[in-house]
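Here are a few short exercises to work through with the model open beside you. Try each task before you read its solution.

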Amino acid sequence: MRSQLARHVLRRLLASEAPAALPPVFLLPRPAFRVYPIRPRPTRNIQRRTFIKLFQKAPRALKELDAEPGYETLLQFRAAEIDSIRPPPLAELIKAWREFFAYKTRHGRVVNSTQAFCAHRVLLHLSNQFANEREGQLSEDDLRIAMECLLRPPRDDFTNHVEFSRAIYAELKKRGVHQAKDFYTLIATLSQYGKALEARDLVLDYYRTMRDKEPDVVRVRHFLPVIRGLAKEDREAELLDFVSQAKKAGIEYDPTLHGIMTIFFAQRNNIGETKHWFNKPISRGYPPAPTTYYEILMFALRNNQQEWAIGVYQNLISKLESGSLRTNKPCWDISFQWAIVLLGKGIDHIEHMLKVAFERTRDNPNFQPNIGTINSLIKIAIEKNDPYLAERFIALSKKFGFEPNYKTYMLQLEYRIRANDLDGAFATYRSLQGLDEATRDKELPILNSFIRALCAAPSPNYERVLDITSYLEQRRVTLEPETVVSICMAFLKNDETYEVIDTLSLHTVHYSIAERSMVRKAFVQYCLDKKNSTARVWDAYALLRQFFPEVEIEHRVAIMDVFFDRRRADMAAHVFGHMRSHGNPSLRPTLETYVRFMEGIGRCPDEESMKSVHNMLKMDTTIQTNTLLYNALMIGYIACDMPYRALDFWKEITTSPEGPSYATLEIVFRAYEVTPDGDSLANELWEKIKRMEIEVPEKVYLAYVVTTAAHGHLTDAKTLLEDMDNVVGKRPDLHNLGIVFNALPSQEMKEQFESWAKEEYPRAWGALREKYGRRQNDEGLVVFKLRRPWKA
């Protein structure tokens, strides 16, 4: 059985957890205190888990984790470094390094930023351990293989790639075994990852210092990656200056340099410079590269330079038919593309041109049109967003007897996806399945797009999604994070929890921290979406907690709030408990988190949940109780019909150095509101406030009025409302009237209050009746549908 260690170590690395996580089959069951309605589903049985079913056999076996060789040990080292414990033995680290980068090289896989970081830390450790030894350490070839792997750009941040590449070169240099090819790899890495200026300075210095030690041809080859990097970073002045120095050094103006300079200015719509660099003679009479021709064509169309482009095209055609390019197949393919886009020629004309090409190259079968030619035409049809034209090119290929290859099917898949022809796209996918070719990285985005398109359909075909993901899984392909998100969201909506588990298990372990963040945030958003059922949100949260222990505390608190809004305080308490037991201290509840929970209890009372969190607070030595926290505890106990216990906290506040806040006074009055003898206590507190000449805010005053009304003192309540303008500087508004009305203990009092309010505050009362509906409370009394929020 394959090891699941990598997943656990990665979680510890991300969340600094001391204990290892449970396998995903042991997902936390939903609290079974309440019953959920379950809607029917079109396919498969609903995968519901209860506490009893937790220990039963899973409906099917989960897919095993397939970690990249050696990566587990690299993760173990980083986790040990974080926890300041003994790392794996040196021999294991060296073996893991070799296995990991050999695997990356063999399969052409990208090293993500997290992997680069972990490997860099291992290199520093090994370098320190073998500072004075040569035996048993990483060989020069081990270092060079790793450095070459870093040239494949990751999908996310590449800062770690730059630092790691520098460290490898520094190690080679320290050993005195660095070669010209090592310097070239470093320069290529820097130039590719946004450090072209640094690479430029290194190349110029290298060129000067190695003048008498290396041939010019070796030294000059280092200029080209820097030129490409400066162009990529849009540094026009530095680019022109460096190209000038490169010419002096002896670099040839070959098709590559010609393409870089021409495309740089063409993409910026600089007409003069584009024509200058394109028309400049290429060394040895070589033709421009196909990509250069393509960019020039797009440039001409954007800038109304068709007349100039036609001249370029005619020159190309003349050389193809009778000149030096007769056996240049890429140029023949370019001519067909230009005929479609520039001249607007149709399928019949292209067929004629293909016949002419066959005639001109009959003595050189290797240079005749083939399926690659058709692929280039389909690409143009895709750029024109013309799927019908693309289909006609497919038909034309059959007419000439060309057998479609893997690239043909991928292009066909692409344009059918764009046309939203998912049935046709799946038929194409079925065709390419039969080809015995490796899945190329550059073609993976198309398959990822297809999966996302299937998942985004109004009624996703889940069997097709599984078919494609299984196909890619067999080829050890890691899906893009956006695709994993689409799959997980689609299967969550269909209650296919085990498919979500499989998807996360197979792919997230290969992701960098930034890529994991993308998937993690999608799960958080799913949990916060009010359109999703509570049952599904709980499933999503259980998966989120299991696979992403690094979830930020603000997201955990937001999910906790969501369960309060869904009237599931028990689930909110579970979320809080998971924070409290987290291995990373930075992800444990703060004082503000306790306050937020108790405020949630205020709008969704649940005595058991409230007491469980209060018990956690009692055991939490990191929390220093203050007025804010006491306020929150008062809210929780008042909401759970234990006002006398809440008043114990009021006593604690009155004897504390900090003392009460305005929020405390409001909460105390609300405690008196539901206390049998609360009216006399409220009057005592109010008299004390008046004696102290404290400025009374509206919320505190209204809380006193409501307490008076709740104890049946209607006349006093009306008097207080009439005097409100003198005390707080404003007349009662519709919310004030509605809250007082709701607090009155009998229907007779409510009717009297309504008659009085209609007469004294007709506009406010009319607005109240218009804005808020009425309902009957548990005691059968009419109340307005007004919310009265708690705030500590």
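A residue is called buried when its relative accessible area is under 20%, and exposed when that value is over 50%. Keep in mind that this is a predicted model.

**Exercise 1.** Decide whether Ser-127 is buried or exposed, and find its partners.

*Solution.* Start by locating Ser-127: helix 4, which covers residues 113–129, contains it. Next, take its relative accessible area, 14%. That value is under the 20% cut-off, so Ser-127 is buried. Now look for contacts, skipping residues up to four places away in sequence: Ser-127 touches Glu-171 and Lys-174. Finally, check the side chains: those of Ser-127 and Glu-171 are joined by a polar contact of 3.0 Å.

**Exercise 2.** Do the same for Asp-467: is Asp-467 buried or exposed, and which residues does it contact?

*Solution.* Asp-467 lies in helix 23, spanning residues 462–474. Its relative accessibility is 18%, so Asp-467 counts as buried. With neighbours within four places in sequence set aside, the contacts of Asp-467 are Phe-426, Tyr-429, Arg-430 and Gln-433.

**Exercise 3.** Describe the protein as a whole: how many helices and strands does it have, and what percentage of its residues count as buried?

*Solution.* First, the elements: there are 41 helices and 2 strands. Second, burial: 54% of the 792 residues count as buried. Third, the surface: about 36,900 Å² is exposed, and 50% of it comes from carbon and sulfur atoms. Last, the contacts: of those between residues at least 6 apart in sequence, 70% link residues at least 24 apart.

Notes
Residues are numbered from 1 along each chain as its sequence is written. This is a predicted model: local features need pLDDT of at least 70, side-chain atom pairs count only at pLDDT 80 or more; totals for chains, interfaces and linings use all residues. Side-chain values use heavy atoms; hydrogens and water are left out. Helices (H or I, at least four residues) and strands (E, at least two) are DSSP runs, numbered from the N terminus. Buried means under 20% relative accessible area, exposed over 50%, partly exposed in between (1.4 Å probe, protein chains only). Contact means heavy atoms within 4.5 Å. Accessible areas come from the Shrake-Rupley method with a 1.4 Å probe; for residues, only the protein chains shown count as cover. A polar contact is a pair of N or O atoms within 3.5 Å; within protein, one must be able to donate a hydrogen and the other to accept it, and residues adjacent in sequence count only if both atoms are side-chain atoms.
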